[in-house]
Amino acid sequence: MNEIKQKIEKLRHELRQHNYNYYVLDQAIITDYEFDLKLKELQVLEEKYPEFYDENSPTQRVGGQITKNFETVTHEHRMYSLDNSYSKDDLLDWEKRINKIVDGEIQYTCELKYDGASISLTYEEGRLIKAITRGDGYQGDNVTANVKTIRSVPLKLKGDFPLKFDIRGEIILPFEGFHKMNEERIEIGEEPYRNPRNTASGSLKLQDSAEVAKRPLECLLYNIVGTNLGIHTQYECLEKAKHWGFKVPEAAKVCRSMEEVFDYIHYWNEERHKLPYETDGVVVKVNSLRQQDELGYTAKSPRWAIAYKFKAERVSTRLNSITYQVGRTGAITPVANLEPVELSGTTVKRASLHNADQIEKLDIRVGDVVYVEKGGEIIPKVLGVDFTKRLVDSKPTTYILHCPECGTELVRQEGEAQHYCPNYNGCKPQIIGRIQHFISRKAMDIEGLGGETVALLVNEGLINNYSDLYELTVEQVIPLERMAEKSANNLIEGIANSKTIPFERVLYALGIRYVGETVAKKLARHFRSLDALAKASQEDLVHVDEIGEKIAKSVVLFFSSNENNYIIDRLRNFGVQLKISEEELVGLTDKLKGDVIVISGVFEHVSRSELKKLIEDNGGKVSSSISSKTSYIVAGTNMGPSKKEKAMKLNIQLLSENDFLKKINFLSDTD
Ligand code: AMP
Ligand code: ZN
């Protein structure tokens with residue numbers, strides 16, 4: 001037993017170190033694959049020996065805990081905000097004010113001001129105990145389960161740390177991860193997130209920590225609070241935090257005068273554009289903690305610190321015209337076409353206007369001089385109008401009523417910001433976009449066919465929906481621009497080869513709104529054929545694990561269209577996979593259909609994850625908590641007393657491991 005404990009501890013230690021190398025130091029020394037193997041090994045051991053459970057084990061990073069209502073917690077030390085300054089004069093005024101209060105020379109620590117969501121982390125004996133949002137400064141929300149999934153937050157500290165302290169920092173979403181998340185959202189027809197900061201703070205309040213785990217969040221630390229910490233300066237505080245395993249940016253610097261502070265600001269005002277995340281200023285802090293004590297706080301913020309806000313990079317330029325783009329899902333996006341202008345080192349010609357409400361709210365008109373800003377967004381945005389420059393004959397913008405591509409009257413659903421073109425089957429950009437999605441790598445992955453060729457094929461009238469692809473001939477495509485006999489042959493061959501793509505990817509390829517890769521997989525496994533899925537009611541659909549009302553409605557709507565059914569019939573006739581194959585079917589049954597099952601305790605024949613898979617493969621649903629909806633509990637040994645009590649109270653049957661495995665014929669009756 002001791003050996004196992006040691007093995008588990010060793011794996012945890014190794015994984016912690018690799019996590020640290022990768023997420024804090026940005027220097028991986030093993031491959032992702034090797035890391036995954038070790039993590040798997042640990043997971044298996046922890047499942048088998050739950051007596052060695054540790055809520056701060058590296059396996060806990062994947063999340064899974066659901067928080068319905070975040071508990072409100074009072075901060076042991078209040079979280080203050082910062083006074084802002086916008087000019088050198090503001091900073092010189094601040095210097096004068098503090099010089100009146102403290103005697104002697106003052107040094108400053110300068111740091112960047114990271115733009116995200118502030119967080120306070122409590123550590124006791126080197127273990128993360130709590131993570132609380134700032135809230136109103138006095139109390140915030142307990143978001144520990146979600147924060148634990150952020151890999152750069154150490155769950156266990158290294159080195160010589162105080163017994164108990166709080167550490168403050170900012171949870172941020174670096175640009176790269178933000179853009180990637182948006183690409184995925186656009187692909188499944190969801191609206192992209194507006195900016196990294198709101199997305200970061202929104203992520204902290206997601207109910208499902210497994211969802212948070214998927215987001216590439218980071219945590220940058222800047223302040224330690226507590227008593228008897230043995231720290232004397234702000235700079236030392238940053239150094240210490242770094243040693244204990246926290247991610248502390250390298251940009252911090254001690255300055256001996258305001259002149260040096262100005263140099264720092266000047267330098268980072270340019271240099272910050274090279275950073276992988278958003279910063280909106282510099283925070284100047286009195287370095288000596290003794291002097292900080294002397295200075296104390298105003299009602300709202302420390303006297304010993306001040307934020308200097310970078311001037312937002314904004315320029316003004318003329319709005320020449322507004323055009324409207326139609327996306328694959330029919331969503332309309334208004335775009336500002338601008339007189340080209342330099343902004344943060346690039347020439348800007350276009351900016352997003354978001355939607356009709358935004359145009360109306362800002363009263364944006366063609367011919368106006370508008371302010372344009374570049375934040376974390378992919379394309380810059382229009383902030384407002386310089387009304388002093390408005391032309392006398394300017395007219396308010398009337399939002400289009402009809403699709404710019406097909407002329408169909410636009411619709412706008414209650415509660416949605418975007419207008420949509422409902423001409424699903426006749427609107428060119430929607431038709432092209434859908435076929436482009438169908439052939440894309442994660443969908444049918446058709447080799448030899450690219451997005452531009454799809455547009456060409458549609459515009460030439462050769463195809464009108466994705467099923468038409470399967471009727472194309474070499475002779476038809478050779479005359480197309482940039483086609484030769486060889487590429488034409490490859491294209492036709494690529495299309496034919498896609499007939500072996502498994503059903504779950506075909507389902508994703510159909511482009512049903514809100515049915516992304518993961519959802520398609522879920523639905524394919526559950527319904528096993530397109531026919532069964534097409535027959536499912538909204539009610540049936542929401543009973544599938546993780547399928548919500550929004551997805552269910554969208555699926556039902558898709559199959560209610562005659563046109564879609566006609567296209568699917570054609571796909572079927574061409575031999576595209578519309579059901580799970582025989583090989584995939586092995587081991588899959590309906591035996592547990594309709595059963596909602598809770599797993600509890602330790603098992604002898606199978607691991608917990610194997611058990612979960614067995615339940616799902618047999619058509620059952622695994623639920624994490626006991627409720628009146630629970631059909632029965634598969635109980636191993638060491639089932640928790642509170643679970644037992646709850647099961648008794650609700651009169652829910654307990655099934656032993658053996659009985660359950662016999663029920664699904666995993667064990668024979670003689671076993
Ligand atoms: P404000 O929200 O404008 O009052 O600014 C105060 C907030 O700036 C703090 O609550 C922190 O979340 C954030 N902040 C970002 N970077 C730093 C930093 N280096 N030092 C202190 N606060 C920071
Ligand atoms: Zn249209």
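**View 1. Protein donors of the zinc ion (ligand 2) in the predicted model.** Four cysteines supply the donor atoms: Cys 403 (SG), Cys 406 (SG), Cys 421 (SG) and Cys 427 (SG). They lie 2.2 to 2.4 Å from the zinc ion (ligand 2). The site is tetrahedral, with angles of 101 to 115° among the 4 donor atoms.

**View 2. Sequence spacing of the zinc donors.** Along the chain, the donor residues of the zinc ion (ligand 2) follow the pattern C-x2-C-x14-C-x5-C. Cys 406 and Cys 421 both sit in the loop between strand 16 (381-385) and helix 12 (428-439), so this pair ties together parts that are 15 residues apart in sequence.

**View 3. Accessibility of Cys 406 and Cys 421.** Which of the two labels, buried or exposed, fits Cys 421? Cys 421 is buried, with a relative accessible area of 3%. Cys 406 is partly exposed; its relative accessible area is 27%. Buried requires a value under 20%.

**View 4. Strand 3 (residues 108-114) and its surroundings.** Of the 7 residues in strand 3, 7 are buried, so the strand is largely enclosed by the rest of the structure. Strand 9 (residues 253-255) runs antiparallel to strand 3, joined to it by 3 bridges. Strand 10 (residues 279-286) is also antiparallel to strand 3, and 7 bridges join these two.

**View 5. Bridge partners of Thr 109 in strand 9 and strand 10.** What does Thr 109 stand opposite in strand 10? That residue is Lys 285. In strand 9, Thr 109 has Val 254 as its bridge partner.

How values were computed:
Residues are numbered from 1 along each chain as its sequence is written. Chains are lettered from A and ligands numbered from 1 in the order in which they are written. This is a predicted model: local features need pLDDT of at least 70, side-chain atom pairs count only at pLDDT 80 or more; totals for chains, interfaces and linings use all residues. Side-chain values use heavy atoms; hydrogens and water are left out. Donors are N, O and S atoms within 2.8 Å of the metal (3.2 Å for Na, K and Ca); water is not among the atoms, so sites may look incomplete. Four donors count as tetrahedral if all angles lie between 85 and 135 degrees; four count as square planar and six as octahedral if opposite donors are over 155 degrees apart and all others between 65 and 115; anything else is irregular. Helices (H or I, at least four residues) and strands (E, at least two) are DSSP runs, numbered from the N terminus. Buried means under 20% relative accessible area, exposed over 50%, partly exposed in between (1.4 Å probe, protein chains only). Two strands pair if DSSP finds at least two bridges between them.
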